Amino acid sequence: DVCSSDLPRMPDVLRVPGMVMTPGEAFAHDFISMPLKDATGRVSASYVCAYPPGTPIMVPGERIDREFIETCQLMKEYGLNMTGLVNDRMLVLGKG
């Protein structure tokens, strides 16, 4: 329940992750699926959006950091639907 006082406050502003390459460049690379909790430092190969409102919080080519992972976990606690995450896994560049 979004109105629950047991949940931490959502940040007023989300920071912009570091862009490593353009989304078009990222789409040209091989990718793997990995647990979100292990993705720190990797480069995203997919869009991650929170619904509502449906705004991307990560796009292909951006570096995944601890703050992004914590924000995703918090948004899930608030009951937001997270596209781009499946069973707490996401697509990242590379072969592992």
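**Exercise 1. Describe the overall make-up of the protein.**

Solution. The protein contains two helices and five strands, where helices (H or I, at least four residues) and strands (E, at least two) are DSSP runs numbered from the N terminus. The model is a predicted one, in which local features need pLDDT of at least 70 and side-chain atom pairs count only at pLDDT 80 or more, while totals for chains, interfaces and linings use all residues. Residues are numbered from 1 along each chain as its sequence is written, and side-chain values use heavy atoms, with hydrogens and water left out.

Step 1. Along the sequence, the elements follow the pattern α-β-β-β-α-β-β.

Step 2. The protein has 96 residues, and 38% of them count as buried. Buried means under 20% relative accessible area, exposed over 50%, and partly exposed in between (1.4 Å probe, protein chains only).

Step 3. The accessible surface comes to about 5,700 Å², and 56% of this surface belongs to carbon and sulfur atoms. Such areas come from the Shrake-Rupley method with a 1.4 Å probe; for residues, only the protein chains shown count as cover.

Step 4. A contact means heavy atoms within 4.5 Å. Among contacts between residues at least 6 apart in sequence, 70% join residues at least 24 apart.

**Exercise 2. Identify the elements that build the largest nonpolar core.**

Solution. A nonpolar core is a set of buried Ala, Val, Leu, Ile, Met, Phe, Trp, Tyr and Cys residues joined through side-chain atoms within 4.5 Å.

Step 1. The largest nonpolar core has 19 residues, of which Val48, Ile64, Phe68, Cys72, Met82 and Met90 touch the most other members.

Step 2. Two or more residues come from each of strand 2 (48–51), strand 3 (55–58), helix 2 (66–77) and strand 5 (89–93). Helix 2 gives the most, with five residues.

Step 3. A second, separate core has five residues, among them Met21, Ala26, Ala45 and Leu93.

**Exercise 3. Examine helix 2: its span, its buried residues and their cover.**

Solution. Step 1. The expected span of a helix is 1.5 Å times one less than its number of residues. For the twelve residues of helix 2 this gives 16 Å, which agrees with the 17 Å between its end C-alpha atoms.

Step 2. The buried residues of helix 2 are Phe68, Ile69, Thr71, Cys72, Leu74 and Met75. An α-helix has 3.6 residues a turn, so residues three or four places apart point the same way.

Step 3. The cover over these buried residues includes strand 2, strand 3, strand 4 and strand 5.

Step 4. Just after helix 2, glycine 79 takes a positive phi of about 90°.

**Exercise 4. Find the salt bridges and state how exposed their partners are.**

Solution. A salt bridge is a side-chain nitrogen of Lys or Arg within 4 Å of a carboxyl oxygen of Asp or Glu. By this rule there are two salt bridges.

Step 1. Lysine 37 and aspartate 38 form a salt bridge through their side chains (3.4 Å, N to O). Lysine 37 is exposed at 54% relative accessible area, whereas aspartate 38 is partly exposed at 42%.

Step 2. Aspartate 88 and lysine 76 also form a salt bridge through their side chains (2.2 Å, N to O). This pair links distant parts of the chain, twelve residues apart: aspartate 88 is in the loop between strand 4 (81–83) and strand 5, and lysine 76 is in helix 2. Aspartate 88 is partly exposed at 42%, and lysine 76 is partly exposed at 37%.

**Exercise 5. Decide how many disulfides the structure contains.**

Solution. Step 1. A disulfide is a covalent bond between the sulfur atoms of two cysteines. The cut-off used here is a pair of cysteine sulfur atoms within 2.5 Å.

Step 2. A search of the whole structure finds zero disulfides. Cysteine 49 is buried at 8% relative accessibility, and cysteine 72 is buried at 0%.

**Exercise 6. Compare the settings of alanine 39 and serine 33.**

Solution. Step 1. Alanine 39 is in the loop between strand 1 (31–35) and strand 2, and is buried at 0% relative accessible area. Beyond its neighbours within four places in sequence, alanine 39 contacts Met34, Ile64, Ile69 and Val92.

Step 2. Serine 33 lies in strand 1 and is partly exposed at 36%. With neighbours within four places again left aside, serine 33 contacts Arg89, Met90 and Leu91.

Step 3. Alanine 39 and methionine 90 are 51 residues apart in sequence and 8.2 Å apart, C-alpha to C-alpha. For serine 33 and methionine 90, 57 residues apart along the chain, the C-alpha separation is 5.4 Å.
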